[in-house]
Amino acid sequence: MSKQFDVIVIGAGPGGYIAAIRAAQLGMSVACVDEWKNSKGAPALGGTCTNVGCIPSKALLQSSEHFEQAQHHFAEHGISVADLKMDVAKMVGRKDTVVKQNNDGILYLFKKNKVSFFHGRGSFVQATEGGYQIQVAGAVEETLVGKQVIVATGSNARALPGVPFDEEMILSNDGALRLGAVPKKLGLIGSGVIGLEMGSVWRRLGSDVTVLEALPTFLGAVDQQIAREAHKALLKQGLKIELGVKVGAIQSGKQGVSVEWTNAKGEAQELQVDKLIVSIGRVPNTTGLNAQAVGLQLDERGAIVVDDQCRSNVPGVWAVGDVVRGPMLAHKAEEEGVAVAERMAGQHGHVNFNTIPWVIYTSPEIAWVGQTEQQLKAAGRAYKAGTFPFLANGRARALGDTTGMVKMLADAATDEILGVHIVGPLASELIAECVVAMEFRASSEDIARICHAHPSLSEATKEAALAVDKRTLNF
Ligand code: FAD
Ligand code: NAI
């Protein structure tokens with residue numbers, strides 16, 4: 001006998017588990033199917049984000065930043081540390097504990113919200129009169145029937161052609177997050193978000209890190225004034241970043257990995273490293289879903305084709321998160337999950353793609369929302385820009401972290417904020433105010449007139465707003 005549900009969610013990453021909880025809150029009977037296993041074979045809910053993405057990377061970034069501070073910056077505060085050591089196994093163990101807390105937290109939330117969880121691979125069998133039949137292949141085989149289905153199967157790391165991940169020498173984000181020791185020499189292909197975050201972790205712990213990037217521009221999607229500032233800071237820390245490269249043959253053996261590459265001038269080069277991380281983007285995960293059984297349309301990348309409301313071509317089948325178009329971000333997946341559950345309940349769920357913030361958790365952090373200066377120029381939009389450096393912010397000086405700036409872009413005629421770009425301390429937290437402002441279609445004058453606590457980094461945002469009108473008070 002198959003078990004019947006109003007909604008079956010396939011995937012318990014941030015897109016799927018949040019959609020399941022919201023649908024249950026709205027009174028639907030909900031099943032969530034996820035196949036992720038931890039090292040003991042037990043369910044590990046939370047998908048890429050919790051297991052090998054957002055959460056573990058931030059745990060390692062925090063540990064390695066403490067080490068960096070103790071090694072290079074405590075002395076400025078009059079603190080001396082003798083015989084500083086790094087226990088990598090302990091750091092990785094702490095990260096695993098943080099991951100487990102998050103896995104267990106989601107299981108608790110499912111119980112609290114009466115979401116039925118099934119551990120195993122979910123795949124379409126057929127559409128029947130009662131709904132969609134989903135087979136769960138795990139320790140226990142089950143057949144479920146759902147009136148509606150949300151596919152939230154996420155994404156996987158893209159490998160270089162002919163260079164599969166072995167997670168020993170050639171690492172995806174998975175292997176990069178569980179190295180047992182600090183590699184003396186570490187190579188990274190791709191200076192995108194993972195390349196910079198993982199490169200930072202292992203550089204701080206003592207690796208000699210070289211990043212090879214195909215594009216000639218550093219962080220091309222980021223506002224270029226901000227990207228230049230970040231580039232300078234990361235190079236100063238010791239990351240070697242080669243732009244405009246062409247990666248050639250890669251050989252991996254027990255002794256290490258060699259990478260043939262050509263630099264921007266067309267000169268042949270060779271890089272010898274102990275480990276190589278390949279971070280060249282991610283591919284949507286539709287393997288094993290048996291999408292063709294119900295005629296689910298995929299695009300040439302394997303992503304599920306959806307409209308702007310996350311409806312697929314099959315009535316009652318929705319898809320959210322990394323497996324569909326748009327930025328591959330956990331909070332984007334979550335917002336889509338909530339919106340789909342609300343649409344199923346007849347409500348008007350909404351995701352504003354113009355106000356999805358981005359954060360790169362390097363040091364300094366890079367965060368932005370809205371349009372970049374280069375996008376506004378390309379669109380021929382008249383705008384005003386204001387910047388304020390952290391060098392002139394009292395809190396940043398007290399923290400000893402004055403790299404970077406806040407940059408605000410506003411419409412030349414209406415003063416509506418069109419984008420905010422930050423490189424500097426706690427940019428990840430500062431950007432939230434800017435997202436709120438843009439959601440409410442605030443003007444730069446609105447931010448400039450709002451009282452910000454002193455001394456705080458957020459005063460730099462207020463000053464950038466004042467700078468739009470060329471009237472900073474502290475610079
Ligand atoms: P996923 O999190 O990938 O979850 C999909 C789930 O579905 C998985 O558990 C998978 O096992 C399961 N699944 C797949 N197919 C099936 C099937 N047929 N049956 C059953 N289960 C199935 N984003 C941020 O916003 N901030 C960050 O700081 C950040 N850091 C990141 C760091 C790294 C190293 C990486 C790799 C990614 C990071 N991301 C970050 C991106 C973020 O992890 C993804 O955007 C997010 O996880 C996407 O959520 P999702 O629910 O769509 O898919
Ligand atoms: P990415 O898209 O951010 O960067 C990939 C980089 O690799 C690009 O700069 C690209 O030009 C380069 N590249 C592609 N092919 C190449 C080649 N053959 N040789 C050299 N360079 C090549 O992808 P990444 O870093 O793998 O991350 C995937 C996604 O995961 C991100 O785009 C983001 O959506 C998400 N993520 C988000 C984080 C956050 O929000 N803080 C952290 C980490 C990942």
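User: Which residue has a backbone N or O atom that lies 2.9 Å from an oxygen atom of ligand 2?
Analyst: Keep in mind that we are looking at a predicted model. Among the residues closest to ligand 2 are Glu213, Gly281 and Val359. The backbone N or O atom at 2.9 Å from an oxygen atom of ligand 2 belongs to Ile194.

User: How far is an oxygen atom of ligand 2 from a polar backbone atom of Met328?
Analyst: Met328 is one of the closest residues to ligand 2. Its backbone also reaches ligand 1, with an N or O atom 3.2 Å from an oxygen atom there. For the oxygen atom of ligand 2, the distance to a polar backbone atom of Met328 is 2.6 Å.

User: Which residue places a polar side-chain atom 2.9 Å from a nitrogen atom of ligand 2?
Analyst: For Ile194, it is a backbone N or O atom that lies 2.9 Å from ligand 2. Here we want a side chain instead, and the partner is a nitrogen atom of the ligand. The residue is Glu197.

User: How much of the accessible area of ligand 2 does the protein cover?
Analyst: Start with the ligand on its own, which has 830 Å² of accessible area. The shell around ligand 2 holds 24 residues. Together, the protein covers a share of that area equal to 77%.

User: Which helix gives the most residues to the shell around ligand 2?
Analyst: Two elements give two or more residues to this shell, and one of them is strand 18 (358-360). The other is a helix that spans residues 193-204. With 4 residues, the top contributor is helix 6.

User: How many nonpolar residues are in the shell around ligand 2?
Analyst: Let's sort the shell by class. It has 5 polar and 5 charged residues. The nonpolar residues in the shell number 14.

User: How many residues surround ligand 1?
Analyst: The closest ones are Asp34, Thr48, Lys58, Gly122 and Asp322. By class, the shell has 16 nonpolar, 17 polar and 6 charged residues. The number of residues surrounding ligand 1 is 39.

User: What share of the area that ligand 1 exposes when taken alone does the protein bury?
Analyst: Two polar contacts make a good start: a polar backbone atom of Gly15 is 2.8 Å from an oxygen atom of ligand 1, and a backbone N or O atom of Gly122 lies 2.8 Å from a nitrogen atom of ligand 1. Taken alone, ligand 1 exposes 1,000 Å². The share buried by the protein is 95%.

User: Which helix supplies the largest share of the shell around ligand 1?
Analyst: Several elements give two or more residues to this shell, including helix 1 (14-25), strand 4 (121-128) and helix 8 (330-344). The largest share is 4 residues. Those residues come from helix 2.

User: At roughly what angle do the axes of helix 3 and helix 4 cross?
Analyst: Helix 3 covers residues 54-73 and helix 4 covers residues 88-112, and their axes come within 9 Å. Among the residues that meet are Ile55 and Leu60 in helix 3, and Met91 and Val98 in helix 4. The contact has 7 nonpolar, 2 polar and 2 charged residues. The crossing is right-handed, and its angle is roughly 145°.

User: Which residue does a cis peptide bond join to Ser363?
Analyst: Most peptide bonds are trans. This one is cis, with omega about 5°. The partner lies in the loop between strand 18 and strand 19 (365-370), and its name is Pro364.

User: Which residue has a positive phi although it is not a glycine?
Analyst: Most residues other than glycine have a negative phi. The residue we want has a phi of about 45°. You can find it in the loop between strand 10 (208-212) and helix 7 (224-237), and it is Leu219.

Terms used. Residues numbered from 1 in each chain as written. Chains lettered and ligands numbered in written order. Predicted model: local features only at pLDDT ≥ 70, side-chain atom pairs only at ≥ 80, totals over all residues. Heavy atoms only, no water. Axes fitted to C-alpha atoms, helices over the stretch in contact; angles between N-to-C directions. Left-handed = near helix turned anticlockwise from the far one by under 90°. Contact = heavy atoms within 4.5 Å. Nonpolar A, V, L, I, M, F, W, Y, C, P; charged D, E, K, R; others polar. Near = heavy atom within 4 Å. Polar contact = N/O pair within 3.5 Å; in protein donor to acceptor, adjacent residues only side chain to side chain. Areas by Shrake-Rupley, 256 points an atom, 1.4 Å probe, with all protein chains shown as cover.
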